[in-house]
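Please work through the exercises below with the sequence and the structure open beside you. Each task is followed by a solution that goes step by step.

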Amino acid sequence: MGLIIYQVDAFTDRPFAGNPAAVCLLPGPREDAWMQAVAQEMNLAETAFLVRQEGGFGLRWFTPAVEVDLCGHATLASAHALWECGELERNLQARFHTRSGLLACDLRGDWIEMDFPAREERAESAPPGLLEALGCDAVHVGKNIYDYIVEVESPKALRGLNPDHRTLRQLPVRGIIVTSRSDRPEYDFISRFFAPGSGIDEDPVTGSAHCCLAPYWAAKLGKPEMTGYQASPRGGVVKVRIHGDRVILAGQAVTTLRGELAEAAAGEAK
C-alpha cells in the first residue's frame, strides 16, 4: 500500500479558499530529494512531511522549489490532519519539532491555535528595485530574519498591486510582506505575501508572515489581540495574539482531498 497524503485548505472554514497544503505522514525518515520531488509533484505552496517521534512529530516543509524554515499554514494543516484521521486524540496537543524549534497546536472549538516565535522587524531602507517592483510608495519599510515588510497607504493600494515577480526574485530574502490598515471593521489589518524567490509568486495565506505582522500592528494599534485578513484571490483569516516573545496564531482548516502515493512513487523509507 502507498503512503496516504491529504490536501487541506488552511485559514478558512470552507473548501477552495485559504491556503492549500499537502500533508504526508511517513513511517520513518525520508531522503531530502524524495520529499522535494513529492512537493514538486503536489505543486502547492507547501507540502508537509510528518514523522512520529518521542514527544510529538518531526515536521519539515517543502515548496516546489526549496525547503523552508517556518510555515504556518502547513503546520495548521498538519495538526488538522492528525486530529481528523485519528493519529492524535482531539484533546491532545499537537507538538512539532522543526527547524524553527518546537511548535505547538491546540484545538479550541472550530479554531486551531499555534504557538509560534515572534519575528519582529526593524526599519530599513528599501533595497534598490523593491518599491519599483511592487509598483507602490511605502509608509514604512522594515526587515526581519526572513522577509521585507512594506506598509502601504491604503487597502486599495494593497489590493491593486501587480508586482514584477522577476525583479522580486532577485532580492536575498524569503519573501515580501505588504500590509495596510483594514477598511473593514471585522479586521484590524490586511496583507499580501509575495515569495517568488521561494517558488511562490503570491502565497494565498501566510501564517509565518503573521509572526511579523502581529508585533508590527500591535505596536501601531496598541492591541495585543487582532484579526488579520490576507487579501489574496483565495483569501484567508488569521487571528493573532501577542504572548511575550511568541505569537499565538489561530485559524480554521478543511480537508479537500485524501489520496495515496502509489508504491512506485512512495518507495521505501530509510
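**Exercise 1.** In this predicted model, find which side chain makes a polar contact with the side chain of Glu-202, and describe the surroundings of Glu-202.

*Solution.* Begin with the side chains themselves: those of Glu-202 and Arg-192 are joined by a polar contact of 2.8 Å. Next, place Glu-202 in the fold, where it belongs to strand S14, which covers residues 200–203. Then compare sequence and space: Glu-202 and Arg-192 are 10 residues apart in sequence, while their C-alpha atoms are 7.6 Å apart. Now widen the view to the contacts of Glu-202 beyond four places in sequence, which are Arg-192, Phe-193 and Phe-194 on the one hand and Ala-231, Ser-232 and Pro-233 on the other. Finally, assess the exposure: the relative accessibility of Glu-202 is 22%, and because buried means under 20% and exposed over 50%, Glu-202 counts as partly exposed.

**Exercise 2.** Determine which side chain forms a polar contact with that of Arg-159, and list the residues that Arg-159 touches.

*Solution.* Locate Arg-159 in helix H4, which is made up of residues 155–159. The side chain of Arg-159 makes its polar contact with the side chain of Asp-183, at 3.3 Å. Setting aside neighbours within four places in sequence, the contacts of Arg-159 are Asp-183, Arg-184, Ile-190, Arg-192 and Ala-231. For one of these, Ile-190, the separation along the chain is 31 residues, and the C-alpha atoms of Arg-159 and Ile-190 are separated by 9.4 Å. Arg-192 and Ala-231 also appear among the contacts of Glu-202, and they are in contact with Arg-159 as well. With a relative accessibility of 37%, Arg-159 counts as partly exposed.

**Exercise 3.** Describe where Lys-143 lies and which residues it touches.

*Solution.* Lys-143 is part of strand S10, residues 140–143. Beyond four places in sequence, Lys-143 touches Glu-120, Glu-121, Arg-122 and Glu-124, together with Tyr-148, Ile-149 and Val-173. Take Glu-120 as the example: it is 23 residues from Lys-143 along the chain, and the two C-alpha atoms are separated by 8.2 Å. The relative accessible area of Lys-143 is 24%, so that the residue is partly exposed.

**Exercise 4.** Is Thr-63 buried or exposed, and what does its side chain approach?

*Solution.* First find Thr-63 in the loop that links strand S4 (56–62) to strand S5 (67–68). Its relative accessibility is 1%, and Thr-63 therefore counts as buried. A polar atom of the Thr-63 side chain lies 2.9 Å from the backbone nitrogen of Ala-65. Farther along the sequence than four places, Thr-63 touches Gln-36, Ala-39, Ala-45, Glu-46, Val-68 and Ser-198. Of these, Gln-36 and Ala-39 are among the buried residues of helix H1.

**Exercise 5.** Examine Phe-11 and Asn-43, and decide for each whether it is buried or exposed.

*Solution.* Start with the backbone: Phe-11 has a positive phi of about 65° although it is not a glycine, and Asn-43, likewise not a glycine, has a positive phi of about 55°. Phe-11 sits in the loop between strand S1 (3–10) and strand S2 (19–26), whereas Asn-43 sits in the loop between helix H1 (32–42) and strand S3 (46–53). Phe-11, with a relative accessible area of 2%, is buried; Asn-43, at 56% relative accessibility, counts as exposed.

**Exercise 6.** Work out how many residues of helix H6 are buried, and which residue follows the helix.

*Solution.* Helix H6 spans residues 210–221, and nine of its 12 residues are buried, so that the helix is mostly covered. The buried ones run from His-210, Cys-211 and Cys-212 through Leu-213, Ala-214 and Pro-215 to Tyr-216, Trp-217 and Ala-218. The residue that follows H6 is Gly-222, with a positive phi near 70°.

**Exercise 7.** Place these details in the chain as a whole, asking how its radius of gyration agrees with that of a compact globule.

*Solution.* The chain contains seven helices and 18 strands. For 270 residues, a compact globule would have a radius of gyration near 18 Å, and the 18 Å of the chain agrees with this. Of the 270 residues, 57% count as buried. Among contacts with a separation of 6 or more, 63% come from residues 24 or more positions apart.

Methods
Residues are numbered from 1 along each chain as its sequence is written. This is a predicted model: local features need pLDDT of at least 70, side-chain atom pairs count only at pLDDT 80 or more; totals for chains, interfaces and linings use all residues. Side-chain values use heavy atoms; hydrogens and water are left out. Helices (H or I, at least four residues) and strands (E, at least two) are DSSP runs, numbered from the N terminus. The radius of gyration is taken over C-alpha atoms; the globule rule is 2.2 Å times the number of residues to the power 0.38. Buried means under 20% relative accessible area, exposed over 50%, partly exposed in between (1.4 Å probe, protein chains only). Contact means heavy atoms within 4.5 Å. A polar contact is a pair of N or O atoms within 3.5 Å; within protein, one must be able to donate a hydrogen and the other to accept it, and residues adjacent in sequence count only if both atoms are side-chain atoms.
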